[in-house]
Amino acid sequence: MCGIGGIVRTDAAAAVGEAPLRRMAAALGHRGPDGFGLATGLGAGFASTRLAIFDIPGGWQPICTERGALLVYNGEVYNHPELRAELARAGITTRSSTDTEVVLRLLERDGLRALDRLNGQFAFAWWEPRERRLTLVRDRFGVRPLYYAFTPDGSLVFASEAKGLFASGEIAPEPDLVGIDDVFTLWGARAPRSPFRDVHRLGPGSVLVWERGRVVAERTWWSPEYAPAHADEPGQDELEELIRDSVRLRLRADVPVGTYLSGGLDSSLITALARDAAERELHTFSVAFRDARFDERVHQEQVARALGTRHHVLDIAAADIADAFRDVVHHAETPLVRTAPVPLYLLARATRERGITVVATGEGADELFWGYDLFKELALRRQAEFDESALERLDGLYAYLGGSGARRGPGWRRFFAEAGAADDPLVSHQTRAAATSAVKAFYREEVAMELLADDSMERLRAELPTGLERWSELERAAYVELRTLLEPNLLAAQGDRVAMAHGVEGRYPFLDHRVFELSVRLPDHRKLDAELNDKVALREMAANVLPPGIAGRPKQPYRAPEVTPFLGGEATPEWVEEALSPHALRAAGVFDERRVAGLLRRCRSGRATGPREGMALVGILSTQVWHERFFGSAGTGHPEETGTPKVCIDMNVSPEMEVVA
Amino acid sequence: MNRNDTMTRGAQTDQLRDEISLFITENFLYMRPDHVLRPDDDLLRLALFDSLGFIELIEEIQDRYGIEVRDIEINEENFGSVNAIVSFVAARRPT
């Protein structure tokens, strides 16, 4: 796992010196705390920071081949030993035992066709100097991030995080209101958009090819397909064998591996399978909350005891969330609508402190096996077309939106009924959009006016893939969920960013593309049955390896306190007062200070207990912090990485790799 | 109906109007610091409520006044203004 960055210039004679690359390396240092490498030359320069997981002494980057092709690479290809053996059979030898070199050799031999062979999570930049061609690639689900931007003359700068782009000095950060509005609709800016103007995110499963100053190709190389040509129904044995294999592959590392254990079905199942496959004692890590409404420690301890793992619990108080919030926004590089990434940031730190740098987690199971309430909502809406009493069951959904089931009723049901037309491909996501959009009521008038012509949902609708009509309604919902919540939010703000902030790599066995492809072939009722039991096939698997109470446990969405860490709790941190002061709100220019003042009064007096206001407070506060970090005084000044690079390639002299240290 | 009954009803209606106005002002109108809520203001046109806010309003009416709001009753006629809500609650409230 690493941070990568680089600059390729339209002018082939324009040098890219060490200084901007060293600044990029410094900005991405947290992603690769074990060292950095550089490649400089005329018309192109690259930087890499490394978290060493495979071939610890020999795996430094950038790497290049005898023909001069160069790769900076962030991620893991888990099947690299098999691919290396295949290359060897074809007479292609590798100098290192890293997956990085396997990827570069495969690319050199097969071009982008090689991507289909890679099982893993990765983002990389492949430079072919003779063609002056840079190819940016991102993994299927978008586990690893990749940002890019263009300078006025068509030069391209890229980095694992936006802060790497800004550190290059090639572009300056500016807010993008449409990107921000995306966050306050579906919890994240949708690729290629980011919350920064003219800063693009390469989409999941996408490739962008830049050649001599212009983009010559931009396409997806993989996208979720729910209606494959060959769709024979898999048995339970096939599913279980595949998930076990995915876990086994994801335990491959030259360092100790652990798991995150939330106490729910998905992470418990992964932990059980990892325990079975691990060669060493398995460490498990859990977040526990002092606020009992969010706490799951009883379930976590039950699983850890039953599986005999070495269990570590991080006890989170409201003040811990406030203390780390600004750093989390800095790493996430986006406004947030939830505080949920903060405990995971603290958990990654604790994990690192215990010497574990790789953790497997349960992400992806809810999207692939239909665990979320939005799938149940959709099923109930359809049942209600024949049996109106089905609507009463809506009262039990979305516990996180507050109010007990008993207090719900017709208003709640109307909320769903009016959330979207039945034939709208986004009907499944109108509920989330409606709830999240509460934040927009606090926009300044001029911001609301500027956004009048834009509609996040309309843009998403217009950009849905062709062929969507071949998928079932639930499959369409799953697709939208992968692209709107999983990639920009769960895998990024709540995944990669908060883990890599401490040099910890998350691995996701459910997001093996083979598991996705098999899940698609499962009949609907093996995912969500008529009684609204979710993740049916996974629960069946779990019943054989987990304590009975866990395999059948209803989903408890992972959440963290939202208002009390900041206002109306034990103490209000000074920085919160400052960030939400009228002058700071005016300076950021997104939210109206008088509207916000009313919200703050309610938060301080403990009356802001509903979901609207919690989300609004987190949205406003994170926007303020984000603005200060990237556009205020905190965002200026980009120090250079001053250490000695582990690799320093002068691309003007020789294509051969030169190992300095 | 004698005069005292009429006055009592009038006072109850006034109290109801005050309570509902206060609830809406405290919970929703803080986002519109310049607006003073009038009993006939068109709540839909004011766009004070997003859909979750509307759920909160219905829940409050049900809880505070001990009435059950049926699905078909959630309409502009009953919830379009403070006065509309007052009339609806007054008619449905247990006496």
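A:Thr484 sits in helix H17 of chain A, which covers residues 473–500. Keep in mind that this is a predicted model. Is A:Thr484 buried or exposed? Its relative accessibility is 2%, so A:Thr484 counts as buried, because buried means under 20% relative accessible area. The side chain of A:Thr484 also reaches a backbone atom: the oxygen of A:Val480, at 2.7 Å. Leaving aside residues up to four places away in sequence, A:Thr484 touches A:Leu186, A:Arg190, A:His429, A:Arg432 and A:Leu460.

## The whole chain

Let's step back to chain A as a whole. Chain A has 24 helices and 19 strands. The radius of gyration of chain A is 24 Å, close to the 26 Å that the globule rule gives for 661 residues, so chain A is as compact as a globular protein of that length. Along the principal axes, the C-alpha atoms of chain A fill a box of roughly 75 × 60 × 45 Å.

How much of chain A is buried? Buried residues make up 64% of its 661 residues. The contacts of chain A can be sorted by separation in sequence. Among contacts between residues at least 6 apart in sequence, 72% join residues at least 24 apart.

## A covered helix and a covered strand

Helix H24 of chain A, residues 611–631, is a good one to find on your screen. H24(A) has 21 residues and reaches 29 Å from its first C-alpha to its last, close to the 30 Å expected at 1.5 Å a residue. H24(A) is mostly covered, with 18 of its 21 residues buried.

Strand S15 of chain A, residues 283–289, is mostly covered too, with 7 of its 7 residues buried. Which way do its residues point? A:His283, A:Phe285, A:Val287 and A:Phe289 point one way from S15(A), while A:Thr284, A:Ser286 and A:Ala288 point the other way, and all are buried. In a regular strand, side chains alternate between the two faces of the sheet.

S15(A) has a partner. Strand S14 of chain A, residues 257–260, is joined to S15(A) by 3 bridges, and the two run parallel. In this pair, A:Tyr260 stands opposite A:Phe285 in S15(A).

## An antiparallel sheet

Strands of a sheet pair through backbone hydrogen bonds, either parallel or antiparallel. In chain A, 6 strands form an open sheet in the order S5-S6-S7-S8-S12-S13, and the pairing is antiparallel. The edge strands are S5 (63–64) and S13 of chain A, and each pairs on one side only. Helix H3 of chain A, residues 99–110, packs on this sheet and touches S5, S6 (70–77) and S7 (120–128) of chain A. The direction of H3 makes about 120° with that of S6(A).

Now look at the S13 end of the sheet. How many bridges join S12 to S13 of chain A? There are 6 bridges between S12 (residues 206–211) and S13 (residues 214–220), which run antiparallel. Across these strands, the bridge partner of A:Val207 is A:Arg219 in S13(A), and A:Trp210 stands opposite A:Val215 in S13(A).

S12(A) and S13(A) form a hairpin with 2 residues between the strands, where A:Arg212 takes a positive phi near 50°. A:Arg212 is partly exposed, with a relative accessible area of 48%.

## Unusual backbone spots

Most residues other than glycine have a negative phi, and most peptide bonds are trans. The table gathers places in chain A to compare with that general pattern.

| Place | Backbone feature | Value |
|---|---|---|
| A:Gln61 to A:Pro62 | cis peptide bond | omega about -5° |
| A:Ala191 to A:Pro192 | cis peptide bond | omega near 10° |
| A:Trp187 | positive phi | phi near 80° |
| A:Arg212 | positive phi | phi near 50° |

Where in the chain does A:Pro62 lie? A:Pro62 is found in the loop between S4 (44–50) and S5 of chain A. A:Pro192 lies in the loop between helix H5 (177–186) and strand S11 (200–201) of chain A. A:Trp187 also lies in the loop between H5 and S11. With 10% relative accessibility, A:Trp187 counts as buried. A:Arg212 has its place in the loop between S12 and S13 of chain A.

Definitions and conventions:
Residues are numbered from 1 along each chain as its sequence is written. Chains are lettered from A and ligands numbered from 1 in the order in which they are written. This is a predicted model: local features need pLDDT of at least 70, side-chain atom pairs count only at pLDDT 80 or more; totals for chains, interfaces and linings use all residues. Side-chain values use heavy atoms; hydrogens and water are left out. Helices (H or I, at least four residues) and strands (E, at least two) are DSSP runs, numbered from the N terminus. The expected span of a helix is 1.5 Å times one less than its number of residues. Buried means under 20% relative accessible area, exposed over 50%, partly exposed in between (1.4 Å probe, protein chains only). A polar contact is a pair of N or O atoms within 3.5 Å; within protein, one must be able to donate a hydrogen and the other to accept it, and residues adjacent in sequence count only if both atoms are side-chain atoms. Contact means heavy atoms within 4.5 Å. Two strands pair if DSSP finds at least two bridges between them. Axes are lines fitted to C-alpha atoms, for helices over the stretch in contact, and angles run from 0 to 180 degrees between N-to-C directions. The radius of gyration is taken over C-alpha atoms; the globule rule is 2.2 Å times the number of residues to the power 0.38.
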